[in-house]
Amino acid sequence: MNFDFSDDIKAMTAEVRRALERSCNMAEVRRCLEDGMFHPGGLISKPAWGVLAEMGVTGARIPEQWGGSGLGMLELAACAEEIGRVCAPVPSLPSVYLATEALLHSGTDSQRERWLPQLARGEAVGSMCFAPIDADGERLTARYAAVPAGAVADFLVVMSADDCAVLIDLHQDGVSRHPLRVLDPGSPMAELALNAVRSEPMNCPAGSYQGIRNRAAVLLAFEQLGGASRALDIARDYTLQRKTFGRTVASYQAVKHLMADVWVKNEIARGHAYHGAWASQTNDPALPLAAACARVSASEAFEFAAREALQLHGGIGFTWEADIHPFYKRSRSTALSLGSSREWKRRIAQLLHRQHMTIAHEL
Amino acid sequence: MNFEDSPQEAQFRATVREWLAANAEPKRHPRDFVGDGLPADQRLAAARVWQAKKAAAGYAAVTWPREFGGLGGTPIQHLIYLQEESKWRSTFGYFEIGIGMCLPTLMAYGNQHHKDRYVRTALYGEEIWCQLFSEPAAGSDLAGIRMRARREREQEGSDWMVDGQKVWTTGAQFSDFGLLLTRTDPTVPKHAGLTMFFVDMKSAGIEVRPIRQMAGESEFNEVFFTGVRIPDEQRLGPVGGGWKVALTTLMFERLTVGTELGLLTAQSMLSLLADRGDLSDPAVAESMADAWIVDEGLRLHQCRTLTALSKGSTPGPEQSIGKLLKARQAQRMSTFLMDLAGQGSLVVDEETDSLWSSVQRTWNWSAALRIAGGTDQILRNIIAERVLGLPEEIRVDKGIPFNQVTK
C-alpha cells in the first residue's frame with residue numbers, strides 16, 4: 001500500500017506553491033477580479049500564468065519533443081492543487097486540462113506540431129466545448145453561449161458525445177467573441193459565434209468524450225481541493241485572531257464544530273481525488289467511477305468550505321477586501337464546469353448499478 | 001502511488017491465508033461467528049478454542065512483542081491479518097477489549113509478576129478482561145468519575161476499599177479481570193485525584209447487572225462495587241497518576257484502526273436498491289451516490305492512514321473521522337431505505353442474516369454508535385483542537401478541587 005504522492009512530486013509541488021504564493025497573492029487575485037468585473041473577458045493573471053509555464057505546469061503532460069515536461073497525471077494533479085490553493089485566475093481547466101489533453105489524445109500530427117509547443121510555453125491558450133458538431137464539410141457555423149476563456153483563447157476544440165471532434169483556430173475571419181459578465185470573473189467566459197469558419201477534424205478514438213471529461217474532472221477536483229483547504233486555513237486564521245464577547249471566535253464550539261465538519265469533507269474529497277489521479281495515471285477500469293466520486297466530493301467540499309469560511313468571517317466576509325470571496329466564487333464556478341454534481345451523482349449510481357449487474361451476472 | 005502489498009506485506013498475507021485455510025472454518029454469511037447458534041456458555045467455550053489456536057500461531061496479538069506471545073509485527077500486518085480473518089468464521093465481543101486495551105496497559109505499567117501471570121492467559125482466551133471506566137455521571141467527561149478508592153489503613157502498601165458504580169461495561173458478565181479507574185483523592189482537581197487498578201471480577205462486593213438496551217437486547221452491564229477489597233499490588237502507576245494510565249489505554253483504543261462496526265454498507269444499500277429497481281429514480285440515485293462517496297471515501301482515507309503508518313507514523317487524532325462519518329451515515333442510509341420501503345419496513349425481520357434485518361439493526365445501532373467511544377460532539381472537538389489547533393473548550397472546573405465542583 002502506497003497511496004500518497006512520491007517525495008519527488010511533493011518537492012516539485014512545494015516549489016510550485018512557493019512560486020505561486022509569490023506571483024499570485026490575494027492582492028493579485030483581487031486585481032484580476034476587479035479587472036474582470038469592469039472589463040469582462042480578457043483576464044488572466046499574467047504573473048501566475050508565467051510561473052506555471054516557467055515551471056513546466058502548462059506543459060506538464062506534453063512530451064519533450066514538443067517542448068513539454070513529459071510528466072504524468074500524478075504530477076499535473078498535484079500542481080493543480082496548488083493552482084486552486086491560490087485561487088489563480090488562469091485558464092487551467094479549459095487550456096491545460098481540456099484543450100491540451102484533447103490534442104494529446106486526439107490531435108493530428110500537424111495540430112500537435114502547431115499548438116503543443118506554444119501551449120507548453122504558455123503562449124497559446126486553448127478552450128473546449130462539449131457540443132454536437134454540425135459541420136458542412138470543413139466549414140462550421142455555430143454559436144457557443146459560454147466558452148471558458150473564450151475571449152482570449154487561440155483555438156477551440158469542440159467534441160461531441162459520439163466521440164467526434166474538430167479544432168478551430170480562433171484567429172480567422174468569421175469568429176466573433178462577446179465577453180460575458182460572470183459571477184466569478186476569475187473564470188471568465190465569452191459567447192463565441194462562428195460563421196462558416198474553417199474547422200479541422202481530429203482523430204478521436206472511441207471513448208474520447210467520456211475519457212477526457214473523466215481526466216479533467218480529476219484534475220479540477222485537485223484545484224477544488226486546494227481551494228477547500230485554503231478556505232479552511234483562512235477561516236481558521238481569521239477566527240483565531242478575531243475576538244467577540246471577550247473570547248476568541250475560534251473558541252466557540254459552534255465555530256469549532258463547523259470547521260471540524262469542513263475538515264472531514266476535505267479529507268474525504270482528498271481520498272477520492274488521489275484515487276482519481278491513480279486511476280487516470282494507470283488507466284484503471286475504476287477511472288469512470290473514481291473520477292465521478294472525485295468530482296462530486298471535491299465540488300461539495302469546496303463549496304461547503306468556502307461558504308462556511310465566509311460565514312465565519314461575519315460581515316467582513318461580504319466585503320471586497322476580505323480574502324474569502326474569490327474562493328466562494330471559484331467554488332461555485334468550478335462546481336458547474338464539466339456539469340453539476342447532480343449529473344455526476346446520477347452517473348455514479350448508473351456506474352454502480354452496472355457494476356452490480358455485472359457481478360450478479362457473473363455469480 | 002499504488003494499492004498493492006509491498007513484497008513483505010504480500011508474503012505476510014500469503015502466510016496468513018495459508019494458516020487460515022488450514023485452521024479456520026468457512027463463513028456461511030457475513031455475521032457468522034464461531035459457535036453461532038450455541039447457548040452462551042458453549043459459544044464462549046468455542047470462542048476460547050479459536051482464540052487459543054490464534055495465540056499459538058502468534059496471530060492473537062500481531063503487534064505485541066514476541067516475548068509476550070505476539071508476532072512483533074507492524075500495524076499494517078495486524079490489519080492484513082484482520083482483513084484475511086474477516087473472510088472466515090472468527091469471534092467477536094470477547095477478547096478485543098482485553099487484548100487491544102487492558103493488557104497493553106498492564107504491559108506498560110505492570111511489574112514483571114503481572115506480565116508473567118496475566119498476559120499469556122489473556123492471549124490464549126483463558127481469562128477475559130473488561131474495561132471499567134465510564135460511570136453514570138462520567139462518560140465524555142471521563143476524568144469526572146466518582147468511584148471511590150480509600151486505603152484500608154493510612155499506610156503505604158495497605159489494601160484499598162472501593163465503592164461506586166461503573167456503566168456500559170462490555171463483557172463484565174463473563175470477565176475475569178477488569179481495568180478499573182478510581183478516585184483516590186477528591187480534594188485535588190479532577191485529573192490529579194485518579195488512580196488505576198486492576199480487579200478480580202470474582203471479588204466479594206462486585207455485582208454485575210445487565211443493562212436492557214433500547215432494542216431490548218442486553219450487551220452491556222452496570223457494575224456495582226460495595227466495599228470491594230483490592231490489594232495495593234494491583235495498582236497500575238502511582239497513586240494520583242491514574243489519568244496518565246487511562247490515556248495510555250485510550251491511545252491503544254485508537255490503534256485498533258479498521259475495526260468493523262458491523263453496520264449496513266453502501267454496497268448492501270446498492271444491492272437492495274438494485275433489486276428493488278429504484279435506481280432509475282434520480283432522487284434515489286443521488287442518495288446512493290452520497291452514501292457511496294462516504295463509504296468509499298473512508299476506505300480511501302484508511303488507505304492513506306495505512307500508507308502513513310507504513311512510513312512509520314503513529315495513528316493520530318485524524319482517526320476520529322471514521323466513526324464520526326460511519327455512524328451518521330449508517331443512520332441516514334437505514335432511515336432512507338426504510339422510507340423507500342414504507343410502513344412495512346417497521347415490521348421486524350426475523351431472518352437475522354437478511355439484508356432487511358441488517359437495515360433494521362443498523363437503524364437501532366447507529367443511534368448507539370454515534371455516542372459510544374466518543375460522541376459525535378466529542379469527536380468534533382478532538383478534530384477541532386488536536387487536528388486544526390483551535391482553542392480548547394473552556395473548562396469551568398479547571399484547577400478546582402473535585403469535591404468543590406458543582407455537580
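The following exercises, each with a worked solution, concern the contact between two chains and the empty spaces in a predicted model.

**Exercise 1. The interface**

Task: Determine how many residues each chain gives to the contact, and how much area chain A and chain B bury between them.

Solution:
- Step 1. Count the participants: chain A contributes 41 residues to the contact and chain B contributes 51 residues.
- Step 2. Turn to the area. The size of an interface is often given as the accessible area lost when the parts come together. For chain A and chain B, the buried area is about 4300 Å².
- Step 3. Consider the atoms involved: 67% of this area lies on carbon and sulfur atoms.
- Step 4. Identify the main contributors in chain A. A:M1, A:K256 and A:W263 supply 19% of the area that chain A buries against chain B, more than any other three residues.

**Exercise 2. Two helices across the interface**

Task: Describe how helix 9 of chain A and helix 8 of chain B are arranged, and state which residues meet.

Solution:
- Step 1. Recall the description required. Two packed helices are described by the angle between their axes and the distance between the axes.
- Step 2. Locate the helices: helix 9 of chain A covers residues 287–313, and helix 8 of chain B covers residues 282–310. Their axes come within 10 Å and cross at roughly 95°.
- Step 3. Classify the angle. Because angles of 65 to 115 degrees count as roughly perpendicular, helix 9 of chain A is roughly perpendicular to helix 8 of chain B.
- Step 4. List the partners. From helix 9 of chain A come A:L289, A:C293, A:V296, A:S297 and A:E300; these meet B:D290, B:W292 and B:I293 of helix 8 of chain B.
- Step 5. Sort the residues of this contact by class: 5 are nonpolar, 1 is polar and 2 are charged.

**Exercise 3. The cavities**

Task: State how many cavities of 30 Å³ or more there are, and describe the lining of each.

Solution:
- Step 1. Rolling a probe the size of a water molecule over the atoms shows where empty space is left. The count is 2 cavities of 30 Å³ or more.
- Step 2. The largest cavity has a volume of about 50 Å³. Its lining consists of A:G84, A:C87, A:E223, A:Q224, A:F302, A:R330 and A:T334.
- Step 3. Helix 7 (208–241) and helix 10 (325–336) of chain A each provide at least two residues of the lining of the largest cavity. By class, this lining has 2 nonpolar, 3 polar and 2 charged residues.
- Step 4. The second largest cavity holds about 30 Å³ of space. Among its lining residues are A:W49, A:L76, A:S92 and A:Y97.
- Step 5. Helix 5 of chain A gives the most to the lining of the second largest cavity, with 3 residues. This lining has 7 nonpolar, 2 polar and no charged residues.

**Exercise 4. A pocket**

Task: Describe the volume and lining of the second largest pocket.

Solution:
- Step 1. The volume of the second largest pocket is about 760 Å³.
- Step 2. The lining of this pocket comprises 41 residues, and A:L93, A:P148, A:M189, A:S333 and A:S337 lie nearest its centre.
- Step 3. Helix 10 of chain A supplies the largest share of the lining, 6 residues.
- Step 4. By class, the lining of the second largest pocket divides into 28 nonpolar, 7 polar and 6 charged residues.

Key:
Residues numbered from 1 in each chain as written. Chains lettered and ligands numbered in written order. Predicted model: local features only at pLDDT ≥ 70, side-chain atom pairs only at ≥ 80, totals over all residues. Heavy atoms only, no water. Axes fitted to C-alpha atoms, helices over the stretch in contact; angles between N-to-C directions. Helix = DSSP H or I, 4+ residues; strand = E, 2+ residues; numbered from the N terminus. Parallel < 35°, antiparallel > 145°, perpendicular 65-115°, else oblique. Contact = heavy atoms within 4.5 Å. Nonpolar A, V, L, I, M, F, W, Y, C, P; charged D, E, K, R; others polar. 1 Å grid on protein atoms, 1.4 Å probe; cavity = no way out; pocket = protein on both sides within 12 Å on 5 of 7 lines; lining within 4 Å. Points joined across faces, edges and corners; volume = space filled by probe spheres on them. Buried area = accessible area lost by both parts, 1.4 Å probe.
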